[in-house]
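Thanks for coming. I will go through one structure, strand by strand. Please have a look at it first.

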Amino acid sequence: MTGRIVITGGAGFLGTALARRLRSDGDEVCVLDLPDRLTAVADLLAGVETRPFAFPDITGIEQAFTGATALVHMACTTTPASSMTDMARDAAENIAPSVAIFQAAGQAGISRVIFASSGGTVYGDPKTLPVPENAAGGALSGYGVSKLAIENYLRLVAGKAGFTGISLRIGNPYGRFQLRGATVGIIANYLRHIHAGRAPEVWGDGSVVRDYIHIDDVTSAICIALAAPELSSGSYNIGSGTGYSINDIFAAIRRVTGTDLALRYKPARGFDVDAIVLDTTEFRRVTRWSPQVGLETGITELWNILRERKE
């Protein structure tokens with residue numbers, strides 16, 4: 001899709017990678033985020049329009065949407081852990097403002113809205129793996145409940161406004177630019193610890209399984225979702241289709257880094273899903289997309305970036 005694409009919450013590692021990719025493809029990109037987050041990635045977003053945006057306050061969103069053809073909504077104020085400390089706050093800060101953004105997008109004439117949902121939290125503990133889209137429900141955190149609610153509101157608003165509304169349930173993304181900012185993401189966080197000579201920590205016994213997907217494969221999927229006319233409104237899984245336990249991840253990290261450090265185990269948390277592997281059949285069928293970056297290749301790339309301090 002060639003046009004003007006607005007990315008809310010676009011100064012995180014996923015939004016930064018997406019903005020750079022869209023820009024290199026010739027799209028006009030506008031990234032909205034908190035001023036301090038925009039400042040932190042200013043060098044990475046050179047040549048990309050940025051605007052201060054204090055989500056959940058959406059004041060001025062109409063001006064940002066002027067001339068826009070598409071929206072990628074990534075703004076969120078919580079994590080699965082923080083959402084459980086105040087679920088009412090999580091719902092108030094994320095659901096209603098997101099719905100208002102979708103409505104404003106429709107009024108501005110935007111033709112396609114992509115919502116960055118969560119493949120790791122909207123399913124709860126699934127009965128079968130890999131888990132298909134129709135198994136959503138039973139989320140174990142306020143974060144997952146909010147994501148699913150926002151998906152449902154996007155479907156309603158899109159139907160009423162006449163645009164295409166697509167929710168991408170992204171697995172556990174990792175890769176370049178994740179070494180900046182908040183210490184989120186197990187792979188990046190563990191590599192930071194090892195680089196500093198500290199043993200990483202894990203909640204539980206390390207048996208929790210997740211679907212880890214490289215940032216290049218995620219941005220590829222989002223770009224396809226923005227451009228593919230055959231992709232209709234709905235929710236789609238975006239993952240590698242392969243599950244790895246935290247112990248598996250750390251074993252791969254040890255192979256890549258050569259560290260002799262060991263994981264430090266802590267008591268499990270009650271809201272961590274035991275295992276999630278995403279069935280990406282539907283998105284692959286419609287778009288012919290497929291992930292290209294293997295786990296150890298992605299870990300090696302990130303480790304080399306950290307050692308060479310490219311970020």
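This is a predicted model. Let us begin with a pairing: strand 1 and strand 2, which covers residues 28-33, run parallel and are joined by 5 bridges. For those new to this, strands of a sheet pair through backbone hydrogen bonds, either parallel or antiparallel. Within this pair, Ile 7 has Val 31 of strand 2 as its bridge partner. To get from strand 1 to strand 2, the chain passes through helix 1, residues 13-24, and this β-α-β crossover is right-handed.

Strand 1 also pairs with strand 4, residues 70-73, again in the parallel sense, with 4 bridges. There, Ile 7 is opposite Val 72.

So, is strand 1 buried or exposed? All 5 of its 5 residues, 4-8, are buried, so the strand is largely enclosed by the rest of the structure. On one side the buried residues are Arg 4, Val 6 and Thr 8, and on the other they are Ile 5 and Ile 7, so both faces are covered.

Now the whole sheet. It is open, has 7 strands with parallel pairing, and follows the order 3-2-1-4-5-6-11. Strand 3 (49-52) and strand 11 (234-238) are at the edges; each has a single partner strand, so one side of each lacks a neighbour in the sheet. From one strand to the next, the twist averages 20°.

The partner of strand 3 is strand 2, in parallel over 4 bridges, and here Val 31 is opposite Thr 50. Lastly, helix 5, residues 87-107, packs on the sheet and touches strand 4 and strand 5. The direction of helix 5 makes about 175° with that of strand 4.

How values were computed. Residues are numbered from 1 along each chain as its sequence is written. This is a predicted model: local features need pLDDT of at least 70, side-chain atom pairs count only at pLDDT 80 or more; totals for chains, interfaces and linings use all residues. Side-chain values use heavy atoms; hydrogens and water are left out. Buried means under 20% relative accessible area, exposed over 50%, partly exposed in between (1.4 Å probe, protein chains only). Helices (H or I, at least four residues) and strands (E, at least two) are DSSP runs, numbered from the N terminus. Two strands pair if DSSP finds at least two bridges between them. A crossover is right-handed if, with the strands pointing away from the viewer, the path from the first strand over the helix to the second runs clockwise. Axes are lines fitted to C-alpha atoms, for helices over the stretch in contact, and angles run from 0 to 180 degrees between N-to-C directions. Contact means heavy atoms within 4.5 Å.
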